[in-house]
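User: Please choose one side chain in this structure and describe its surroundings closely. Then work outward from it in one connected account, for a reader who has not seen the structure before.

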Amino acid sequence: MNILSLFVLIPVLMLAGLWLAKNLNQVRGVMVAGSSALLVLSIWLTVYFIQQRAAGNTDIMLLSASTPWFEPLNIAYSVGVDGISVVMLLLSSIIVFTGTFASWQLKPLTKEYFLWFTLLSTGVFGFFICTDLFTMFMFYEVALIPMYLLIGVWGSGAKEYAAMKLTLMLMGGSALLVIGILGIYYFSGATTMNVNEIAQMHNIPVDIQKIFFPFIFIGFGVLGALFPFHTWSPDGHASAPTAVSMLHAGVLMKLGGYGCFRVAMYLLPEAAQQLSWIFLILTTISVVYGALSACVQTDLKYINAYSSVSHCGLVLFALLMMTKTAATGAILQMLSHGLMTALFFALIGMIYGRTHTRDVRKLGGLMKIMPFLAVGYVLAGLANLGLPGFSGFIAEMTIFVGSFENPDTFHRVCTIIACTSVVVTAVYILRLVGKILYGEVSDPHYLQLTDATWDERLSVACLIFCVAGLGTFPLWASNVINDAVVPILNSIYYIQ
């Protein structure tokens, strides 16, 4: 068995273990054992990948394997990883591990909750290891479907509305993907659905590419919060339970950017080159609109949700710039934002669990009451606004430098406009930190509250370590990603 299949097998075994678990301690034991195994496996894979590249292994995909599944349509279970897949698998395992401890005290229906949470994780890991279009789409759907129940049953606020809105919009995007995938398969004349083999053929007519590129890009872009298809995201984030928000914003939204780059731009390169300006305008709007919208929100989760719209918009924005530096920055941003937003949502959930409110106007003086959570929130805010030393700075600087490498006026104007989001982000983060953490305690009842428990401290500390570690030592991630973006950009014939 190919070792990459363990990323699917371990969650499947976790599902079986959860199903057989008889009490809460057994449920927690299964989750800790499974999430720890996934984390160790992803760390090993990252080290192995770095060693292989250092040894001169230049294969596009490492650990590749393929097993026929449904031969009449040339569908196979094909797996393989490049640098982009490796860092996404590492990100996913970190979020699943920390999300497990962030949900340690969750009640009721803890067993059922973790069953759906693990199924969602199965879809995410399967998507990132697969190189066959059909199996990628299958795991993509597996990752989306559990969101309805996780929000609708264990969420808060207008959870039924948010769950239904999210499901309908993402399923609409999936319908577009089906059309696009079938178009690529039939018009490429390929005898396989393997992404890399189709890309190497380069035989889809440009007129056909221009028809199906919007289907694929918008289909994945809906999950990546592409304007104006982003409206499901804030409602979904605000209503989801803590760990689901962490996995949703930290990993699930990254499937959108990954799919746009790996499928839409890689397999339809001429269309990407000719139509990119349309989507570049939309992503520029996403970046600025998301930041401005966050400024006027009063709910902590909505603030972070709109911030995620802005930061995920930067991912698509950078990919559409089609330079090596910008594309590397886009993947770094996926990794950085995944860690930062998971940290934010974890802290927000922990604060809400104590104060029973997310309304900024009702919070104040929390630094005196829960210093660990407050310091964690300050660090998360500084990372989010791009302070040097944290992952956000490295990712955003790489994106803006790479975007400005385009010599034409249009691309540079878009870059300058997108840069304004950095200032807006600093404004709402600093105002937010000052309002809820410092000053007088806004409610006398808050004085009776306690600080983070051991499981919450473990989750928060792991994420802070990762955010600061990536910001302080970014070169390993940049080197892993660099080689992976080159083949895709080469297919677009516009590498700089």
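Analyst: In this predicted model, F279 touches F213, P214, F217, I218, L226 and L320, leaving aside residues up to four places away in sequence. F279 itself sits in helix 12, which covers residues 269-295. Its relative accessibility is 5%, and because buried means under 20%, F279 counts as buried. Another residue to consider here is F317: 38 residues separate F279 from F317 in sequence, while their C-alpha atoms are 8.1 Å apart in space.

The account now moves to helix 13. This helix comprises 22 residues, 300-321, and at 1.5 Å a residue it should span 32 Å; its end C-alpha atoms are 32 Å apart, so the expected and modelled spans agree. Of the 22 residues of helix 13, 21 are buried, and the helix is therefore largely enclosed by the rest of the structure. Its N-terminal end is capped by D299, with a side-chain oxygen 2.8 Å from the backbone nitrogen of K301. Helix 13 is followed by M322, a residue in the loop between helix 13 and helix 14. M322 has a positive phi of about 60 degrees although it is not a glycine. With 3% relative accessibility, under the 20% limit, M322 counts as buried.

L63 also combines a positive phi, of about 55 degrees, with not being a glycine. This residue lies in strand 1 (residues 62-70). Its relative accessibility is 21%, so L63 counts as partly exposed.

The backbone shows a further feature at P228. A cis peptide bond joins F227 and P228, with omega about 0 degrees. P228 is found in the loop between helix 9 (206-223) and helix 10 (232-239).

Helix 14, reached from helix 13 through the loop that holds M322, leads to the pockets. About 610 Å³ of space lies in the largest pocket. It is lined by 29 residues, and those closest to its centre are L106, P241, T242, G349 and G353. The elements giving two or more residues to this lining are helix 3, helix 6 (146-154), helix 11 (242-267), helix 14 (324-355) and helix 19 (454-472). Helix 14 supplies the largest share, six residues. By class, the lining of the largest pocket divides into 15 nonpolar, eight polar and six charged residues.

The second largest pocket has a volume of about 400 Å³. Its lining consists of 15 residues, and L90, I94, F465, C466 and W476 lie nearest its centre. Helix 2 (24-54), helix 3, helix 14 and helix 19 each give two or more residues to this lining. Here helix 19 gives the most, with five residues. The lining of the second largest pocket has 13 nonpolar, two polar and no charged residues.

Helix 3, named among the elements that line the largest pocket, also appears among those that line the second largest. Its 20 residues, 83-102, should span 28 Å at 1.5 Å a residue; the end C-alpha atoms are 29 Å apart, which agrees. Because 20 of the 20 residues of helix 3 are buried, the helix is largely enclosed by the rest of the structure. D82 caps its N-terminal end, where a side-chain oxygen lies 3.2 Å from the backbone nitrogen of I84.

Strand 2 (residues 75-81) holds S78. With a relative accessible area of 3%, S78 is buried. Its side chain makes a polar contact with the side chain of S66 at 2.9 Å. Not counting residues up to four places away in sequence, S78 touches A65, S66, I129, C130, T131, D132 and N194.

The last side chain in this account is that of T167, in helix 7 (residues 159-188). This side chain reaches the backbone oxygen of A163 at 2.7 Å. T167 and Y148 are 19 residues apart along the chain, and their C-alpha atoms are separated by 6.2 Å.

Methods
Residues are numbered from 1 along each chain as its sequence is written. This is a predicted model: local features need pLDDT of at least 70, side-chain atom pairs count only at pLDDT 80 or more; totals for chains, interfaces and linings use all residues. Side-chain values use heavy atoms; hydrogens and water are left out. Helices (H or I, at least four residues) and strands (E, at least two) are DSSP runs, numbered from the N terminus. Buried means under 20% relative accessible area, exposed over 50%, partly exposed in between (1.4 Å probe, protein chains only). Contact means heavy atoms within 4.5 Å. A polar contact is a pair of N or O atoms within 3.5 Å; within protein, one must be able to donate a hydrogen and the other to accept it, and residues adjacent in sequence count only if both atoms are side-chain atoms. The expected span of a helix is 1.5 Å times one less than its number of residues. On a 1 Å grid over the protein atoms alone, a cavity is a set of points where a 1.4 Å probe fits but cannot get out, and a pocket is an open set with protein on both sides within 12 Å along at least five of seven lines; lining residues have an atom within 4 Å of a point. Grid points are joined across faces, edges and corners, and a volume is the space filled by probe spheres set on the points. Ala, Val, Leu, Ile, Met, Phe, Trp, Tyr, Cys and Pro count as nonpolar, Asp, Glu, Lys and Arg as charged, and the others, Gly among them, as polar.
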